[in-house]
Structures are given as structure tokens and as C-alpha cells.
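Reader: I would like a close look at one part of this model, taken slowly and with its surroundings kept in view.

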Amino acid sequence: MQYTGCAMSECPLRFSIVANCSVSKARAATMSLPHAVVDTPVFMPVGTQGTMKGVTPEQLKDPLLDCRLILGNTYHLANKPMVLCSFLTAALEILLSY
């Protein structure tokens with residue numbers, strides 16, 4: 001089963017359920033994003049107000065953690081342009097280091 005918010009031929013985002021558990025209602029799925037395909041469940045830290053709380057940049061790079069994507073809560077950043085610049089700069093540095 002696939003879920004998208006637009007016509008299938010033009011949508012860069014797709015969510016496809018691969019398997020369901022009838023006992024726990026857990027599911028495995030695949031998220032197709034513009035930059036990668038990510039299998040779920042997945043560890044996905046959230047950056048709020050320009051920072052990753054509880055996780056260091058070194059831990060995010062650790063292959064054992066397998067951090068494939070980071071959510072950025074941009075609502076808070078919209079009112080603080082300098083924090084947004086800092087967040088984007090840090091994210092770019094992490095991506096370029098791979």
C-alpha cells in the first residue's frame with residue numbers, strides 16, 4: 001500500500017508498507033525521499049531550535065547509530081534567522097563530512 005500527497009507520477013515522496021504484524025500492529029515500510037530511500041522503523045533524531053538535544057555530532061556520524069535522516073523543527077527557526085543559519089551550516093558540515 002502506498003501513501004502520497006500528490007499524483008504518483010510527480011510526487012517525490014512515497015511511503016510504502018512492506019509488512020504488518022497482526023498481533024502488535026507494528027509495520028515495516030519504505031519511505032522514498034528525494035535524496036534517499038529509507039527503511040522504517042528508523043532512528044530519526046529531531047533538531048529543535050537549531051540543536052540536536054541529547055545526541056552529539058560524533059554520535060550522529062557513528063555507523064552503529066545508522067542515522068539516515070534528521071528532522072529539523074523549522075517552526076522555531078523561522079523567527080530566528082541567525083539560528084536558522086547556524087542550523088543549516090551545521091547540517092551542511094555533517095553532510096559534507098560523509
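Among contacts in the protein between residues at least 6 apart in sequence, what percentage join residues at least 24 apart? With that as background, please look closely at strand β4 and the strands that lead up to it, and then say what can be said about the sheet formed by β6, β5 and β7.

Author: The model is a predicted one, and what follows should be read with that in mind. Among its contacts between residues at least 6 apart in sequence, 32% join residues at least 24 apart. The protein has 3 helices and 7 strands, and along the sequence these elements follow the pattern β-β-β-β-β-β-α-β-α-α. Of its 98 residues, 18% count as buried, while the area that the protein exposes comes to about 7,300 Å², with carbon and sulfur atoms supplying 62% of it.

The approach to β4 begins with strand β2, which covers residues 14-20 and pairs with β3 in the antiparallel sense over 6 bridges. In general, the strands of a sheet pair through backbone hydrogen bonds, and they may do so in either a parallel or an antiparallel way. Within this pairing, Ala19 stands opposite Ala28 in β3. The two strands form a hairpin with 6 residues between them, and in the turn Lys25 has a positive phi of about 70°. Asn20, which also belongs to β2, counts as exposed because its relative accessibility is 62%, and the cut-off for that class is over 50%. Leaving aside neighbours within four places in sequence, Asn20 is in contact with Ala26 and Arg27.

Strand β3, made of residues 27-32, pairs in turn with β4, again in the antiparallel sense, over 4 bridges. These two strands also form a hairpin, here with 4 residues between them, and Asp39 in β4 is the bridge partner of Thr30.

Strand β4 itself spans residues 37-40, and its side chains alternate along the strand: Val38 and Thr40 point to one face and are buried, whereas Val37 and Asp39 point to the other face and are not. For Thr40, the reasoning behind the label can be given in full: its relative accessibility is 16%, buried means under 20%, and Thr40 therefore counts as buried. When residues up to four places away in sequence are not counted, Thr40 touches Ala28, Ala29, Thr30 and Met31.

Turning to the second part of the request, 3 strands form an open sheet in the order β6-β5-β7, with mixed pairing. Strands β6 (51-52) and β7 (71-73) stand at the edges and have a single partner strand each, so one side of each is left without a neighbour in the sheet. Strand β5, which consists of residues 46-48, pairs with β6 in the antiparallel sense over 2 bridges, and Gly47 has Met52 in β6 as its bridge partner.

One residue of edge strand β7 deserves a separate word, namely Leu71. Its relative accessible area is 39%, which lies between the 20% and 50% cut-offs, and Leu71 is therefore partly exposed. Together with Met44 and Val46, Leu71 forms a nonpolar patch on the surface, and the three have about 220 Å² of accessible area together.

Methods
Residues are numbered from 1 along each chain as its sequence is written. This is a predicted model: local features need pLDDT of at least 70, side-chain atom pairs count only at pLDDT 80 or more; totals for chains, interfaces and linings use all residues. Side-chain values use heavy atoms; hydrogens and water are left out. Two strands pair if DSSP finds at least two bridges between them. Buried means under 20% relative accessible area, exposed over 50%, partly exposed in between (1.4 Å probe, protein chains only). Contact means heavy atoms within 4.5 Å. Patches are made of residues with over 30% relative accessible area and no salt bridge: like charges are joined within 9 Å, nonpolar side chains (Val, Leu, Ile, Met, Phe, Trp, Tyr) within 5 Å. Accessible areas come from the Shrake-Rupley method with a 1.4 Å probe; for residues, only the protein chains shown count as cover. A salt bridge is a side-chain nitrogen of Lys or Arg within 4 Å of a carboxyl oxygen of Asp or Glu.
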